[in-house]
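Here are some exercises to work through with the structure on your screen. Try each one yourself before you read its solution.

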Amino acid sequence: MWGLDFSSVDWNEIGVATLDTLKMLGASAVFTFILGLPIGILLFMASRSTTGWVRAVYAVISFIVNILRSVPFIILIVALIPVTKAIVGVTFGVLGTIPPLVIAAAPFFARLVETSLREVDRGVIEAAHSMGASTWQVITRVLLPEARPGLLAGITITVVTLVSYTAMSGMVGGGGLGDLAIRYGYYRYETTVMIISVIFMIVLVQLLQMAGDRLVRHFTRK
Amino acid sequence: MIELKQLTKRYGQGAKATEALSGLDLSIHKGEIFGVIGHSGAGKSTLIRCMNLLERPTSGEVWVGGVNLTGLSKQRLQNERRKIGMIFQHFNLLSSATVYDNIAFPLRLARKGKAEVEAKVNELIALVGLEDHRNKYPAQLSGGQKQRVGIARALASDPQVLLCDEATSALDPQTTDSILKLLLDINQRFNLTIVLITHEMHVIQSICDRVAVIHQGGIVEEGAVTDVFLKPQHPVTKDFVRGEQSQGEPLELAAQASGTGSAQAVKITFLGSKTYESILSRTVRETGADFAILQGTISTIKDTPYGQLIVRFEGGRDQIDATLAKLSEQGLDVEVMN
């Protein structure tokens, strides 16, 4: 079909690559969430403050986030090699890809968190203050529940972005479907494997987006 | 109950600073419904938000229930705020929580036990009449129902004071009246002090005991609603009162006598049970003067009936003078108009 020869395809290899992609995706999504959510909350809270030193903290964090977001991922992977080595001990394979993925995606997710928290009605936050809520209670009982649909949409966008990041990490031997596509398609001109890999990634993104949309709809009360 | 001392609130700094409140003093008694009326931009919203320090005054003191809020630590202030309920123009409910969870919110903030929360919330849902809507989300409710949730939520922590920030301004007239009735009911049942700010004289007239008129960051007139409403002194107050009675000035022509003899236009104010007595007809029968009603209102201020008539008396000069004297003798307020 279309000049593609499926007989020579090593399905076992594709299976392993798919599993690797899912592993990278799962682990980096979890750490991105753990790291990005507090940074996003911090950005939001600091941006509302009128106190001088808090504004300074905001400016610094905001600047770092912007830097990490402007460096192309492929360069970030290389630049972060010492950091990756320090954290997980290796700089290649599934494990070696996770730290750069998290460091690239967490600032991105933090911005999405900040934006969705801004969407929360100020009046509701004020009402909570008027009822004697502490800052922590405002975050956990007002901001996060009220912003839940926005946060879920943010997680979906971030995970989809991570799919394309994992593919890029194939360039440096990161493993997974992207790696497979590049090795076969780009270096060896074996388009069949490349196309299968890409189709798998498309399906993966579609499934993630559908699941995300469904969750957002489920939690939207407006 | 609430004492504001030399309250000043300035926004901005230097030349661009604007003063929302300038050295305002106010005293609100326990158990009363106190209204603050003012045009938009008069500082009324800032005023009520200063009462629980949602807005921190630039200088001055805020005393609620014998505690100086302005002097408290953050932690103590959070505890004191639990004794001050507040409802808002736009309700400010959690859109992600049901009616039940919204009302339970302040109780959960105060870390009350599950059984206690449930008992209290059920009681409040019944109080505001939302038994059929307990599991609905705010988006599924009407404006009036949302404000009922707001009221129930504000009452959950058994406050000493309820602050109402334009609580009925987003509601239609019928819904406004039902919410006002609920507030009055709560005030009487729990002897709860209620402070409300509004730009509608109707709201003040319906449920308030005392009123303050705020203009350009200061109180220009203050007193019992009957006094302020029937005898407004300040131009701003007169504006509001006229707006509520929605009457133009009587035609100048109407003040002229229709036949021969003298004529005199007078504004007569009845208050309390006198409103429904036949004082006017009895008096003119005795003095022999005639009268025509040029303009009039008979209504109630909270539960006090009042009437205000502009009447043209006709007849001999002495007949008219005798009529006016007799009316005053019987405790009516008679004001000769030119």
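**Exercise 1.** Work out which way helix 5 of chain B crosses helix 6 of chain B, left-handed or right-handed.

*Solution.* Start with the handedness: helix 5 of chain B passes helix 6 of chain B in a right-handed crossing. A crossing is right-handed if the near helix is turned clockwise from the far one by less than a right angle, and left-handed if anticlockwise. Helices here are DSSP runs of H or I with at least four residues, strands are runs of E with at least two, and both are numbered from the N terminus.

Next, the geometry. Helix 5 (residues 143-155) of chain B and helix 6 (residues 173-190) of chain B pack at an angle of about 20°, their axes 10 Å apart. The axes are lines fitted to C-alpha atoms, for helices over the stretch in contact, and angles run from 0 to 180 degrees between N-to-C directions. That angle makes the two helices of chain B roughly parallel, a label for angles under 35 degrees (over 145 is roughly antiparallel, 65 to 115 roughly perpendicular, the rest oblique).

Now find the residues. Helix 5 of chain B brings B:G143, B:G144, B:Q147, B:R148, B:I151 and B:L155, while helix 6 of chain B brings B:T175, B:S178, B:I179, B:L182 and B:I186. Two residues are in contact if their C-beta atoms, placed from the backbone, lie within 7 Å. Sorted by class, this contact has five nonpolar, five polar and one charged residue. (Nonpolar covers Ala, Val, Leu, Ile, Met, Phe, Trp, Tyr, Cys and Pro; charged covers Asp, Glu, Lys and Arg; the others, Gly among them, are polar.)

A word on the ground rules: this is a predicted model, where local features need pLDDT of at least 70, side-chain atom pairs count only at pLDDT 80 or more, and totals for chains, interfaces and linings use all residues. Residues are numbered from 1 along each chain as its sequence is written, and chains are lettered from A and ligands numbered from 1 in the order in which they are written.

**Exercise 2.** Trace the open sheet of six strands in chain B and find its edge strands.

*Solution.* Go across the sheet and you get the order 6-7-8-3-9-10, with mixed pairing. Two strands pair if DSSP finds at least two bridges between them. The edges are strand 6 (84-88) and strand 10 (218-224) of chain B, each pairing on one side only. On average, neighbouring strands of this sheet are turned by 15° against each other, direction ignored.

Then look at two of the pairs. Strand 7 (residues 161-165) and strand 8 (residues 193-198) of chain B run parallel and share five bridges; B:V161 has B:T193 as its bridge partner. Strand 9 (residues 210-215) and strand 10 of chain B run antiparallel, with six bridges, and here B:V211 stands opposite B:G223. The hairpin of strands 9 and 10 of chain B has two residues between the strands, and B:Q216 takes a positive phi near 50° in it.

Finally, add helix 5 of chain B back in: it lies across strand 6 and strand 7 of chain B, at about 170° to strand 6.

**Exercise 3.** Take B:F91 and B:R111 and decide whether each is buried or exposed.

*Solution.* Count C-beta atoms, placed from the backbone, within 10 Å of the residue's own: 20 or more others is buried, 12 or fewer is exposed, and in between is partly exposed. B:F91 has 25 others within 10 Å, so B:F91 is buried. B:R111 has 8 such neighbours, so B:R111 counts as exposed.

Now place them. B:F91 sits in the loop between strand 6 and helix 3 (99-109) of chain B, with a positive phi near 65°. B:R111 sits in the loop between helix 3 and helix 4 (114-127) of chain B, with a positive phi near 55°.

**Exercise 4.** Find how many residues of chain A are in contact with chain B, and which helix of chain A gives the most.

*Solution.* First the count: 18 residues of chain A are in contact with 17 residues of chain B. Helix 6 (122-130) and helix 7 (135-146) of chain A each supply at least two residues of that side of chain A. Helix 6 of chain A gives the most, with six residues. By class, this side of chain A has six nonpolar, six polar and six charged residues.

To finish, step back to the whole chains. Chain A has 10 helices and zero strands, whereas chain B has 11 helices and 14 strands.
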